[in-house]
Amino acid sequence: MNKGIITTKRSRILTYRLFFEQLLIAAPLLSSLIIVSPAHAHRGAVDEIDACNIRVGVDSVHFTAYTPELSGSKGYCNAIPEVGQTHLVFDYGGKALRTIDVEFEITKEPEGTRIFHQEPQKVKTGSFSGIVDFSQYGAGNYLAHITIVDNDKQLDSHIPFSVGLEDPDSFNFKPLLFVFGLSAFVVLAFMYVSKDNDKPSDTPEA
C-alpha cells in the first residue's frame, strides 16, 4: 500500500479520534448547562435572564405568586402548580415607579377575560399585592398586566403565567436522556474508529 495513502488514512483517523474525544468531554458539560439553566431563569441574578422580572418604563417589576394554603411560603412565577387562592406580589426594582400611577390587572388567556383589577395608584412602598382565587376560573394560561398611567397615555407591560398546568419543580428527564444518548453515540463511534485503526493492512508496504 502506498505510504502516502496510509499516512492520509491515519491522519484522518487521528482527526476523527480527536473530534470524538473532545465531544465526549463536552457532553457532561452540555448536560450540566441544560440541567442548571432552568434554575437560573427563576433566581434572576441579572434582569435579562430572570423570567420573573419585567421592564416597566425605566424601572423593573418582579412578579411572585404564593399559594399559602397549598404550598406554604414557597414562591412561583411562570408556573403555579395548583389551583386555589393565590397571593400575587409585584415588587418594584427601583424607585422610579413609586411616584407614578400604576394599574394592575390579571386576564385569562386566550380570551383576555379580566379576573382581577386594581385601579391606577401610586405604590410608595414599592410593593403591591393582590389575592385571586383561581379555583373560580380554572386551570389555564393567564397574563399579569402592569400598566403605567400618565394622563391619557398608557404603557402596558405583562408577564405570562400558567395555573394548574405544570409543576415547576418536576425534573425534566428529556435533556438528560439526550445527553446520555449523545455520549453513547460518541463512545461507540470512538470504539469503531479505534478498532478500524488497529486492523492490520492486507497489502504489504512496498
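**Exercise 1.** Decide whether Phe104 counts as buried or exposed, and do the same for Phe128.

*Solution.* Phe104 has a relative accessibility of 1% and therefore counts as buried, where buried means under 20% relative accessible area, exposed over 50%, and partly exposed in between, with a 1.4 Å probe and protein chains only. Phe128, with a relative accessible area of 8%, is buried as well. The model is predicted, so local features need pLDDT of at least 70 and side-chain atom pairs count only at pLDDT 80 or more, whereas totals for chains, interfaces and linings use all residues. Residues are numbered from 1 along each chain as its sequence is written, and side-chain values use heavy atoms, with hydrogens and water left out.

**Exercise 2.** Count the aromatic pairs, and classify the one formed by Phe104 and Phe128.

*Solution.* A pair of aromatic rings is described by the distance of the centres and the angle of the planes. Rings of Phe, Tyr and Trp (its six-membered ring) pair if their centres lie within 6.5 Å; planes under 30 degrees apart count as stacked, over 60 as edge-to-face, and the rest as tilted. Applying this rule gives eight aromatic pairs. In the pair of Phe104 and Phe128, the centres are 4.3 Å apart and the planes make an angle of 10°, which is the stacked arrangement. Phe104 belongs to strand E6 (residues 101–109) and Phe128 to strand E8 (residues 127–133), so this pair ties together parts that are 24 residues apart in sequence. For comparison, Phe134 and Tyr142 make an edge-to-face pair, with 4.8 Å from centre to centre and 70° between the planes. Phe134 and Tyr142 are both buried. The aromatic cluster that contains these four residues also takes in Phe63, Phe90 and Phe161. Helices (H or I, at least four residues) and strands (E, at least two) are DSSP runs, numbered from the N terminus.

**Exercise 3.** Locate the disulfide, and state which parts of the chain it ties together.

*Solution.* A disulfide is a covalent bond between the sulfur atoms of two cysteines. The search criterion is a pair of cysteine sulfur atoms within 2.5 Å. Over the whole structure, one disulfide is found. It joins Cys52 to Cys77, with an S to S distance of 2.3 Å. Cys52 sits in the loop between helix H1 (3–43) and strand E1 (53–56), and Cys77 in the loop between strand E3 (75–76) and E4, so the bond ties together parts that are 25 residues apart in sequence. Both ends are buried: Cys52 has a relative accessible area of 1%, and Cys77 one of 3%.

**Exercise 4.** Find which strands pair with E2, and in what sense.

*Solution.* Two strands pair if DSSP finds at least two bridges between them. E1 and E2 are antiparallel, with four bridges, and Val56 stands opposite Asp59 of E2. Two residues separate these strands in their hairpin, where Gly57 takes a positive phi near 65°. E2 also runs antiparallel to E5, to which six bridges join it; here His62 has Asp91 of E5 as its bridge partner. The pairing of E2 with E3 is antiparallel too, over two bridges, and places Ala65 opposite Tyr76. E2 is mostly covered, with six of its eight residues buried.

**Exercise 5.** Give the strand order of the open five-stranded sheet, and identify its edges.

*Solution.* The order is E4-E10-E9-E6-E7, and the pairing is mixed. The edges are strand E4 (79–80) and strand E7 (113–121), each of which pairs on one side only. E4 is parallel to strand E10 (residues 153–163), over two bridges, and Ile80 has Val163 as its bridge partner in E10.

**Exercise 6.** Determine which strand gives the most residues to the largest nonpolar core.

*Solution.* A nonpolar core is a set of buried Ala, Val, Leu, Ile, Met, Phe, Trp, Tyr and Cys residues joined through side-chain atoms within 4.5 Å. The largest one has 29 residues, and those touching the most other members are Val61, Phe63, Phe90, Phe104, Ile106, Ile146 and Phe161. At least two residues come from each of E1, E2, strand E5 (85–92), E6, E7, E8, strand E9 (140–150) and E10. E9 gives the most, with four residues. Taking contact as heavy atoms within 4.5 Å, and leaving aside neighbours within four places in sequence, Phe63 is in contact with residues including Cys52, Cys77, Phe90 and Phe161.
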